[in-house]
Amino acid sequence: MTTTSPSIFEPMSPDRLLALWGRLGGSAVGRWLFSQAVRLAVPYTGALGARVLSLAPGRAVVTLRDRRGVRNHLGSVHAIALANLAEMASGLAMVSALPPGVRSIVTRIEIDYQKKARGTLTATGSAAPPTVTEPVTSLARAEIRDAAGGVVAAAQVTWQLAPRTP
């Protein structure tokens, strides 16, 4: 019989997520530790190596350092790395805004690539989920900017939200 240990974030409520951020987010070391916790909780997203800079209900800011492991053959950040960064920022924004007892999953990602992504990138995610009494979809957004402030990509992420079943 195979067993798996639960993720540290599942079924972590937004209150627990924000409490962890409240304990760790006030210093560079704490933000690094929080980012490592996200990395452990969501291994695929964690492989990106992004860092959480700020988190509040409905808003998250995440940064990604340009390095060989996220580049494409053109020497810029790969399109899927950008999509992953947008999903991470929008996901943290969405999850932090949900009330306890609501589950969520991404069902669609739409992303517009506006220019080559080079250098350190900053993704800002935003979400304002509705009251959830039955299954419903909700949109979150993420905008990715380069160090000069130029938008390199913008994403819209559709989330399926539903009350947790006991």
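**Exercise 1. Decide whether Trp21 is buried or exposed.**

*Solution.* Start with the number: Trp21 has a relative accessible area of 10%. The cut-off for buried is under 20%, so Trp21 counts as buried. Keep in mind that you are working with a predicted model.

**Exercise 2. Find the buried residues of helix 1 and work out how they are arranged around its axis.**

*Solution.* Step one is to list them: helix 1, residues 14–24, has Pro14, Leu17, Leu20 and Trp21 as its buried residues. Step two is to look down the helix axis, where these residues fall within an arc of 130°, so they line one face of the helix. A general rule helps here: an α-helix has 3.6 residues a turn, so residues three or four places apart point the same way. Step three is to turn to the face pointing away from the buried side of helix 1, which carries the exposed residues Asp15, Gly22 and Arg23. Finally, ask what the buried residues pack against: their partners are helix 2 (28–41), strand 1 (51–56) and helix 4 (79–97).

**Exercise 3. Classify the aromatic pair in this structure.**

*Solution.* There is one such pair to consider. The ring centres of Trp21 and Phe34 are 5.0 Å apart and the planes stand at 80°, so the pair is edge-to-face. The cut-off for that label is an angle over 60 degrees. Next, place the partners: Trp21 sits in helix 1 and Phe34 in helix 2, 13 residues apart, and the pair links distant parts of the chain. As for Phe34, its relative accessibility is 0%, so Phe34 counts as buried.

**Exercise 4. Describe how the side chains of strand 4 point, and name the strands that pair with strand 4.**

*Solution.* Walk along residues 121–127 and you will see an alternation. Leu121, Ala123, Gly125 and Ala127 point to one face and are buried, while Thr122, Thr124 and Ser126 point to the other face and are not buried. Now look for neighbours. Strand 2 (residues 59–64) runs antiparallel to strand 4 and is joined to it by six bridges; Val61 has Thr124 as its bridge partner. Strand 5 (residues 136–145) also pairs with strand 4 in the antiparallel sense, over six bridges, and here Ala127 stands opposite Ala140.

**Exercise 5. Find where the confidence is highest and where it is lowest among the helices and strands.**

*Solution.* Begin with the whole protein: the average pLDDT is 89, and 92% of the residues score at least 70. Strand 4 has the highest confidence, at 98, whereas helix 3 (residues 43–46) has the lowest, at a mean of 80. Then check residues 1–9, where the pLDDT is below 50. Beyond near neighbours in sequence, this stretch has ten contacts in the model.

Notes:
Residues numbered from 1 in each chain as written. Heavy atoms only, no water. Buried < 20%, exposed > 50% of the residue type's maximum accessible area, 1.4 Å probe, protein only. Helix = DSSP H or I, 4+ residues; strand = E, 2+ residues; numbered from the N terminus. Pairing = 2+ DSSP bridges. Arc of directions from axis to C-beta. Contact = heavy atoms within 4.5 Å. Phe/Tyr/Trp six-rings, centres within 6.5 Å; stacked < 30°, edge-to-face > 60°. pLDDT = per-residue confidence, 0-100.
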